Amino acid sequence: MSGNVDEEEANVTHTGPKGVINDWRRFKLESMDQESLPPQKRELLRQMSSPHRPKDDGRGGLNRKMSVQEYELIKEDDEKCMKKYRKQCMQEMHERLSFGPKFEGVYELDSGEAFLEVIEKEHRLTVVVVHIYKEGIKGCDALNSCLDCLATEYTSVKFCRIDAGVTGAGERFTDDVLPTMLVYKSGELLGNFLATNQHFNEEFFATDVEAFLNGYGLLPEKDLVVGGEEEEAAVDVEAVE
């Protein structure tokens, strides 16, 4: 019975300052090459990562403060390991808070049937942005490039494009209304923007398209980014004592 309880406790992700430190210590132990460590460091890391209080240690195992020796140890090669730990934390947080599938890049639709399918069968919480374009029409290439950029930042949005000639409704999407941008959610049309480039300057960028869509409340929250300055949004274990 007690063995099962111990195993369950070992798998629990802790919260609060002490819990964060405990999880960090355990992550560092698991991510390091144990065989390459000197025996003294290996044993010290093992003690630091243990979720239980040693019987002969009255200081309380993990719940005690780190010694100078432990602090110096975890400082070694910490930058790389800390980034990995933060990335894992951010990914776990994103998975807990996110709903619906994730997408990569802009999807090219090759027929009217594919167009209808992406509108009608996509997850009910997924925003679908469809760019209807035609080669040689002013603004189409620029909008394609903008959506390529936005697709990397809004992975919960399904960005698609389709040539007007294969939509099956070419009479509706004539050259003068291209590029057209349609926005759907749960099969419902939320935005219908004809000659979209007319809403921008002669030269426009992904940030302009992003601001335009946000102005209509059509984009969800931007994905959490791990790395660079935005990485500071992750838990700063080094600042927790």
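**Exercise 1. Which residues of helix 6 (residues 112-120) are buried?**

Solution. Start with the ground rules. This is a predicted model, in which local features need pLDDT of at least 70, side-chain atom pairs count only at pLDDT 80 or more, and totals for chains, interfaces and linings use all residues. Residues are numbered from 1 along each chain as its sequence is written, and side-chain values use heavy atoms, with hydrogens and water left out.

Step 1. Fix the terms. Buried means under 20% relative accessible area, exposed over 50%, and partly exposed in between (1.4 Å probe, protein chains only). Helices (H or I, at least four residues) and strands (E, at least two) are DSSP runs, numbered from the N terminus.

Step 2. Read off the buried set: Gly112, Ala114, Phe115, Val118 and Ile119.

Step 3. Look down the axis of helix 6. The buried residues fall within an arc of 165°, so they line one face of the helix. The arc is that of the directions from the helix axis to the C-beta atoms.

Step 4. Turn to the face away from the buried side. Glu113 and Glu120 are exposed there.

Step 5. Place Leu116, which also lies in helix 6. Its relative accessibility is 48%, so Leu116 counts as partly exposed.

**Exercise 2. Find what covers the buried residues of helix 6, then describe the sheet.**

Solution. Step 1. The cover includes strand 1 (106-109), strand 2 (127-133), strand 3 (158-163) and strand 4 (180-185). Contact means heavy atoms within 4.5 Å.

Step 2. Order the strands. The open sheet has five, in the order 1-3-2-4-5, with mixed pairing. Two strands pair if DSSP finds at least two bridges between them. Strand 1 and strand 5 (188-193) are the edges, each pairing on one side only.

Step 3. Check one pair. Strand 2 and strand 4 run antiparallel, joined by six bridges. Val129 has Val183 in strand 4 as its bridge partner.

Step 4. Add helix 7 (residues 140-153). Helix 7 packs on the sheet and touches strand 1, strand 2, strand 3 and strand 4. Its direction makes about 160° with that of strand 2. Axes are lines fitted to C-alpha atoms, for helices over the stretch in contact, and angles run from 0 to 180 degrees between N-to-C directions.

**Exercise 3. Is Thr126 buried or exposed?**

Solution. Step 1. Locate Thr126: the loop between helix 6 and strand 2.

Step 2. Apply the cut-off. Thr126 has a relative accessible area of 2%, so Thr126 is buried.

Step 3. List neighbours, not counting residues up to four places away in sequence. Thr126 touches several residues, among them Pro101, Phe103 and Tyr184.
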